[in-house]
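The following exchange examines a set of protein chains by way of questions and answers. Please view the sequence and the structure before reading on.

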Amino acid sequence: MSDFEPKIIAMVCNWCTYTAADLAGTSRLTYPSNIRIVRLMCTGMIDAKYILKAFLDGADGVFIGGCHPGDCHYINGNLKAVKRITGVGKLLEQFGFDPARLKLQWIGASEGPEFQRHMTEFVAAIQAMGPNPARDCMIL
Amino acid sequence: MTYGFYPGCAYKTEAVYKHSVEAVCRVIGLELVTINDWNCCGATSIFSLDQMDGLVLTGRIFALAARQKLDTIITTCNACYTTLRKASKTFKTEPELTRRVNERLAIEGLAITTLPPVRHLLDVWSHDIDEALWSRKRAANFKPMKVASYYGCQLTRPWADIDDPEHPQIMDNFIARLGYEPVEHGAKTVCCGASHFITYEDSCRTLCERIVNEIKRKGGQAISTLCPLCQINIDAVQEKQRGPSLPVPYFTQLAGLSLGLPPSILGMDKLLTPMQTAGLKF
Amino acid sequence: MKYEKPSIGVYVCHCGMNISPKVDVENVVAFAETLDHVTVARDYKFMCSSPGQEFIIKDIREKGLNRIIVASCSPRMHEQTFRKACEQAGINPHYFQMANIREQISWVTKDSAEATAKARDQVAAAVARAVYHAPLTSREIKVKKSVVVIGGGIAGIQAALTAAEAGYEVHIVEREPSIGGHMAKFDKTFPTLDCAACIMTPKMVEVAQHKNITLHTYSEVDSVEGFVGNFKVCIRHNPRYVDASKCTGCGICTTKCPSKVLSEFDQRLTHRKTVYSPFPQAIPNTPVIDRDHCIYFTKGKCRACKKFCEAGAIDFNQQEEVIEIAAGSIIVATGFKAFDPTPLSQYGYGRYPEVYTSLEFERLNNATGPTAGKLLMKNGKPPEKVAIIHCVGSRDSRYHPYCSRVCCMYSMKFAHLVREKTGAEVWEFYIDIRSPGKLYEEFYNRIQEEGVHMIRGRVAEVTDIPETKKDEGRLTVVAENTLTRRVLRVPVDMVLLGVGLEPADGSDAVGRMLGVQRDADGWFNELHAKLAPVKTAMNGIFLAGCCQGPKDIPDTVAQASAAAGEAVSLLAKGTVRTLAEISYIDPDLCSGCKTCIEVCPYTAISFDESRRVAVVNEALCKGCGSCAAACPSSAAGIRHFTDRQIMEEMEAILL
Ligand SMILES: Cc1cc2nc3c(=O)[nH]c(=O)nc-3n(C[C@H](O)[C@H](O)[C@H](O)COP(=O)(O)OP(=O)(O)OC[C@H]3O[C@@H](n4cnc5c(N)ncnc54)[C@H](O)[C@@H]3O)c2cc1C
Ligand code: SF4
Ligand code: SF4
Ligand code: FES
């Protein structure tokens, strides 16, 4: 494996995945340090432009974490997010990005170990994909 | 709309069923197109013996029906009905199995291309034929009697779509349309033992006697059936029973009588317990 | 408060040994000093301690800081603490931002250098975002000091009494002629077998007499508008055709009425008159005329009741009336409906006269019921053998997958009552006995000691086909005893079906009116299954009793008291604060496409027809951001989570 250290933006909702991240912390579950968490109130507020912006600014991966379906603090924000994020995934593909650089995952508030696992797996997956191609070909 | 007809093995031997179906269909103007070169469906036991063989047997029937462009497959036997419906469900949901079946059917140049609905003749007569036709064509000298409908296991179960699975009404309603007086009873879907009658006679005798006795208790004068296996079991069990027996005609024979067709055409004389024993005249 | 040019203070916490030494705190501080707009950067052992907070307050006052960043633990721990400190020092609490370098960095990262680098990024992100923070305020709204309770079963009664005792005005809306709900139909209640009427009637009377409670019986809620603290509830009074202000409750009208129909309260086992009170202890005791069956209404003559009513209370011209109530909070207590077992035709309900539902049995067993409490079959004789079937319609994927919770217990109550009243043999057929509750398992043991046959097996069928001649005329229950693995055929005289519970009719309409969601089975959804069992996602609307899910009377009463407690706590506070982090829609950018209106789960956005723009109702908005993400014109946004703030945060991390 290369020594490429990606930078990954994790946009997570306050109520489930952010709480799970805190729980991973209180349980001292370590994971790669490549994750940078951006706390939002709900995945339903994630605008497509946030994701595009992250990639254009050079993020190697974008992870989106929210509550399991049915658990969203705002009833169904996460379901709206699925639709939007699927659309963005297609768009990324057209731009020549590997859509696997964008990942949506439900991680409930009590799922500290799952948070750790998903972070570890996602970082490994991005490492395997190599740097964001936009880093080289764009003047930022 | 072409009604495809799948006779099934028992139908061929049960001349009374065959004759009454054909005679009544002629009178009511319903054309049944028999599936050419049809084969045994394997009956209900085949799937437990060899699923693939069962699917090939039934698959061939669907393929033949497709070749003749039939919109429906009509059966007159509970076992054929269930077996074909089960197979149809499998073909709908298991593309891999279907592919393998088609591979084998290809030897004959056949393929399952459509899966027309499988229906029981009773369902077709009840729902597709104008309700008023039966009373309009009823014979002037028709003599009503009390008829109990016996459905057996597999018309309504496990499907539960054409009627209440445990306490159906469809045959009672049909019988009433013909002019008979339906008899409410609790043995409509009690199992007759089906083909086990040959191997486990004692147990099946208990089952069949439960049905017959219940119907006698509720005042039935005849038992209407819709499946050759049910018919023979219920009819035969009474031979060794004490007391007067109840005739066990097919619903198709009862329809024929109501329409005034000659009893001999309907095979009334071939029932083990003739209709006359119950003091019935027609 | 107006926007000010940023002057930022960054405070990095050691958290004892929790953040440092893993994160090189000094390094982060030095880094922070280089960031734009940062005036001071410091570190301290425990930022959340009073001296830590004092630091911040002092710096704000002395150095004129107007943005504060604390890099320490999770905002879920101490955001409020530091916001308060900011407020105390005189800056808007929303000028504060936290960087989580403990739970999400020092505790989860192995390598110290990596942890430090990550902490620098997160601090930079917080600083970048804080530059664009705006001072936010929330409004205080006065709360109306009254509660509307929908449903007058034991849940509604208990909730109403609790709130009324606290001094608040309560309105109970009950659609039947009397309050009481299901409990009013019972004779005895498990597990103590105390008399239902004896414990229920006093409460009903108390409701009727309480100066703070207004009863709206034979009434329904027509519409609900508004929001927490300020609901507008329209209640429709259906005409009783009996003037409650004149009626003395003497009952002569009922006696003289010549028209009879099947009694709903008695589960259609007997008749009632057309002008009637459903049961003797009805509250209120003003009768109603059942218009559909009244001879006068249907045929134009009779008026016997009017002739005999000395009080002159009969009024055939009464009209329905809609009144409007202002309420600070609403309690939903619409209860349940018993499952109709007709579709399970194998049990023969409706076909065999001696097959009864549990509610029918409750009435048979009730002193005011059709047999005056004697357990008799339709032929007038007492049964010698009775079967009770559990889980009818419950724990059954064809009907209701859930356990109805009370059926095991009431079935065993029935077993006891049958044994006590008739000495008949009782056979109970169960899947599992569910007796979790105080004194419940003990009750189960007691029933077994009373000689009840407990058979573990789901009943296959109930048939009138007898096994032997001597059982002719009886019903035979067929089931497999799964413990002995034998098929049983038990001849009995009477079969009782332990039917499950399902949501009351009309719950869907109530849910839509209130904006309260229901689960897949139709029960109202609580806000949180564990921590907010009586709240709903709608602020100010609470749940009590079986409308939230099947439960027994003790749990119903407990939940009803809790719901009243929540309601009272809201009213006692007197005001509600609107959230600050909510949506705003820029009218200059809004194109009027109404996309936001569609996506808002709280119907917080309405359309201003005159300006042709969408407008947010700040009291209803919860700040989920659905509208902001969906708005194609970027007109909608969420305060404190604006596009700019989020973009800056990401840029600081990535560039
Ligand atoms: C056969 C049987 C026996 C039972 N025995 C016991 C027992 O022995 N012990 C025990 O602890 N529990 C027992 N239970 C459970 C008990 O009945 C419930 O716990 C209790 O009745 C729940 O009270 P509730 O107020 O939530 O609902 P309900 O009693 O159903 O009351 C709801 C009220 O709301 C009204 N309503 C409904 N919708 C509207 C609307 N849209 N507008 C206005 N009003 C409306 C209804 O008319 C009703 O009056 C038994 C249940 C059954 C089915
Ligand atoms: S979605 Fe945006 S543009 Fe459309 S109505 Fe709402 S605020 Fe206006
Ligand atoms: S933020 Fe959510 S609750 Fe508020 S108006 Fe927008 S969609 Fe509705
Ligand atoms: S609050 Fe977590 S996804 Fe909506």
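**Questions on the predicted model**

Q: Which residues does C:Ser411 touch, not counting residues up to four places away in sequence?
A: The model is a predicted one. With residues up to four places away in sequence left out, the contacts of C:Ser411 are C:Ile388, C:His390, C:Glu428 and C:Gly498.

Q: In which helix does C:Ser411 lie, and why does C:Ser411 count as buried?
A: The residue belongs to chain C, in the helix that spans residues 407-422, namely H12. Buried means under 20% relative accessible area. C:Ser411 therefore counts as buried, its relative accessibility being 0%.

Q: What is the order of the elements of chain A from the N terminus on?
A: Chain A holds 5 helices and 4 strands. Read from the N terminus on, these elements run β-α-β-α-β-α-β-α-α.

Q: How many of the residues of strand S1 of chain A are buried, and which residues lie on its two sides?
A: Strand S1 covers residues 8-13 of chain A, and 6 of its 6 residues are buried. In a regular strand, side chains alternate between the two faces of the sheet. In S1(A) both faces are covered, with A:Ile8, A:Ala10 and A:Val12 on one side and A:Ile9, A:Met11 and A:Cys13 on the other.

Q: Over how many bridges does S1(A) pair with strand S2 of chain A, and which residue of S2(A) stands opposite A:Val12?
A: S1(A) and S2(A), the latter at residues 35-40, pair in the parallel sense over 6 bridges. Opposite A:Val12 in S2(A) stands A:Arg39.

Q: How many bridges join S1(A) to strand S3 of chain A, and which residue stands opposite A:Ile9?
A: S3(A) comprises residues 61-66 and runs parallel to S1(A), with 5 bridges joining the two. The residue of S3(A) that stands opposite A:Ile9 is A:Val62.

Q: Why does the radius of gyration of chain A agree with that of a compact globule?
A: The C-alpha atoms of chain A fill a box of roughly 40 × 30 × 20 Å along the principal axes. For 140 residues, a compact globule would have a radius of gyration near 14 Å, so chain A agrees with its value of 14 Å.

Q: What share of the residues of chain A count as buried, and what share of the exposed area do carbon and sulfur atoms supply?
A: Of the 140 residues of chain A, those that count as buried make up 58%. Chain A exposes about 5500 Å², and the share supplied by carbon and sulfur atoms is 58%.

Q: How many helices and strands does chain B have, and what is its radius of gyration?
A: Chain B has 14 helices and 7 strands. Its C-alpha trace spans about 55 × 45 × 30 Å along the principal axes. A compact globule of 282 residues would have a radius of gyration near 19 Å, so chain B agrees with its value of 19 Å.

Q: What is the strand order of the open sheet of 3 strands in chain B, and which are its edge strands?
A: The pairing in this sheet is parallel, and the order is S6-S5-S7. Each edge strand pairs on one side only, and these strands are S6 (181-182) and S7 (222-224) of chain B.

Q: Over how many bridges do S5 and S7 of chain B pair, and which residue stands opposite B:Ser149?
A: S5(B), at residues 146-149, pairs with S7(B) in the parallel sense over 3 bridges. Opposite B:Ser149 in S7(B) is B:Ser224.

Q: How many residues of helix H12 of chain B are buried, and against which elements do they pack?
A: H12(B), residues 228-237, is mostly covered, with 7 of its 10 residues buried. Among the buried residues are B:Cys230, B:Ile234 and B:Val237. The buried residues of H12(B) pack against H1, H2, H5, H10, H11 and S7 of chain B.

Q: Between which chains are the most contacts found, and how far apart are the nearest C-alpha atoms of chains A and B?
A: Of the 2 pairs of chains that touch, the one with the most contacts is chains A and C. Chain A and chain B do not touch, and their nearest C-alpha atoms are separated by 27 Å.

Note on methods. Residues are numbered from 1 along each chain as its sequence is written. Chains are lettered from A and ligands numbered from 1 in the order in which they are written. This is a predicted model: local features need pLDDT of at least 70, side-chain atom pairs count only at pLDDT 80 or more; totals for chains, interfaces and linings use all residues. Side-chain values use heavy atoms; hydrogens and water are left out. The radius of gyration is taken over C-alpha atoms; the globule rule is 2.2 Å times the number of residues to the power 0.38. Buried means under 20% relative accessible area, exposed over 50%, partly exposed in between (1.4 Å probe, protein chains only). Accessible areas come from the Shrake-Rupley method with a 1.4 Å probe; for residues, only the protein chains shown count as cover. Two strands pair if DSSP finds at least two bridges between them. Contact means heavy atoms within 4.5 Å.
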